[in-house]
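The following account leads the reader through a single protein chain, from one residue outward to the arrangement of the helices. Please keep the model in view while reading.

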Amino acid sequence: MAYQVNVDSLNRLIDTYKDDAEMTGIILDALESFEEYHQAIYSLELQRRLYAHGAIDADTYREKVSAMDQVRSFRHNTVLSNIRLLNRLADQEHLPPFYDGTVSEDHPYRTQVADAVLSFVRGVIADRVTGGR
């Protein structure tokens with residue numbers, strides 16, 4: 001089953017906290033962590049592409065990829081924490097979960113959360129003309 005971010009719950013959270021700068025900042029920080037995770041994946045995959053085409057040597061590749069993979073993993077864990085936070089906020093407001101799948105560092109759940117978050121990021125970009133309205 002493919003889990004997704006519940007955009008309606010997100011929009012209702014934003015509406016609930018629209019006059020509370022601290023809470024909207026917390027929500028925004030959580031959502032921005034999704035793009036930071038996306039960026040970490042993108043940068044890592046670009047290094048792999050450079051290596052596959054011989055643009056960087058094996059030692060440089062191993063060094064860069066190891067460091068970049070640590071960043072990616074850290075950002076993934078941050079996303080998991082932020083999903084839990086958004087789920088708690090939704091629960092406090094008696095809303096459906098922001099993400100209704102299992103939030104865990106274990107596989108396959110870790111990958112399922114990542115897929116949902118990356119799908120959400122793609123959706124935000126695709127909806128940029130309307131601003132998500």
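Is F34 buried or exposed? In this predicted model, F34 has a relative accessible area of 0%. A residue counts as buried when that value is under 20%, and F34 is therefore buried.

The surroundings of F34 may be approached through its aromatic partners. Across the whole structure, a search finds 4 aromatic pairs. One of them joins F34 to F120 in an edge-to-face arrangement, with 5.9 Å from centre to centre and 85 degrees between the planes. Because F34 belongs to helix α2 and F120 to helix α4 (residues 109-126), this pair ties together parts of the chain that are 86 residues apart in sequence. F120 also counts as buried, at 13% relative accessibility. Ring pairs further connect F34, F98 and F120 into a cluster.

A second aromatic pair has another geometry. The rings of Y51 and Y61 have their planes at 15 degrees and their centres 4.1 Å apart, so this pair is stacked. Y51 lies in helix α2 and Y61 in helix α3, so the pair ties together parts that are 10 residues apart in sequence. The two residues may also be considered by accessibility: Y51 counts as partly exposed at 35%, whereas Y61 counts as buried at 17%.

Y61 leads in turn to Q47, another residue of helix α2. At 12% relative accessibility, Q47 counts as buried. When neighbours within four places in sequence are left aside, the contacts of Q47 are with I56, Y61, K64, V65 and M68.

With these residues placed, the overall architecture can be described. The secondary structure comprises 4 helices and 0 strands, and the pattern along the sequence is α-α-α-α. The C-alpha trace spans about 55 × 35 × 30 Å along its principal axes. Of the 133 residues in the chain, 32% are buried. Among contacts with a separation of 6 or more, 68% are between residues 24 or more positions apart.

How are the helices set against one another? Two packed helices are described by the angle between their axes and the distance between the axes. For helix α1 (residues 7-17) and helix α2 (residues 21-52), the angle is about 150 degrees and the axes are 9 Å apart. Angles over 145 degrees count as roughly antiparallel, and α1 and α2 are therefore roughly antiparallel to each other. Their crossing is left-handed. The residues that meet here are L10, L13, I14 and Y17 from α1, and M23, T24, I27 and L31 from α2. By class, this contact has 7 nonpolar residues, 1 polar residue and no charged residues.

Helix α2 also packs with helix α3 (residues 58-92), at an angle of about 155 degrees and with the axes 8 Å apart. These two helices are therefore roughly antiparallel to each other as well, and the crossing of α2 and α3 is left-handed. By class, the contact of α2 with α3 has 21 nonpolar, 7 polar and 7 charged residues.

The remaining features concern the loop between α3 and α4. H94 is located in this loop and has a positive phi of about 60 degrees, although it is not a glycine. What is the accessibility class of H94? At 73% relative accessibility, H94 counts as exposed.

T102 lies in the loop between α3 and α4 too, and it counts as partly exposed, at 37% relative accessibility. Apart from neighbours within four places in sequence, T102 is in contact with Y109 and V113. The C-alpha atoms of T102 and Q112 are 8.4 Å apart in space, while the two residues are 10 residues apart in sequence.

P108 has its place in the loop between α3 and α4 as well. The peptide bond leading from H107 to P108 is cis, with omega near 10 degrees.

The reader may now return to the starting point. F34 in helix α2 pairs with F120 in helix α4, so that parts 86 residues apart in sequence are tied together, and the cluster formed by ring pairs includes F98 in addition to these two residues.

How values were computed. Residues are numbered from 1 along each chain as its sequence is written. This is a predicted model: local features need pLDDT of at least 70, side-chain atom pairs count only at pLDDT 80 or more; totals for chains, interfaces and linings use all residues. Side-chain values use heavy atoms; hydrogens and water are left out. Axes are lines fitted to C-alpha atoms, for helices over the stretch in contact, and angles run from 0 to 180 degrees between N-to-C directions. Angles under 35 degrees count as roughly parallel, over 145 as roughly antiparallel, 65 to 115 as roughly perpendicular and the rest as oblique. A crossing is left-handed if the near helix is turned anticlockwise from the far one by less than a right angle, and right-handed if clockwise. Contact means heavy atoms within 4.5 Å. Ala, Val, Leu, Ile, Met, Phe, Trp, Tyr, Cys and Pro count as nonpolar, Asp, Glu, Lys and Arg as charged, and the others, Gly among them, as polar. Rings of Phe, Tyr and Trp (its six-membered ring) pair if their centres lie within 6.5 Å; planes under 30 degrees apart count as stacked, over 60 as edge-to-face and the rest as tilted. Buried means under 20% relative accessible area, exposed over 50%, partly exposed in between (1.4 Å probe, protein chains only).
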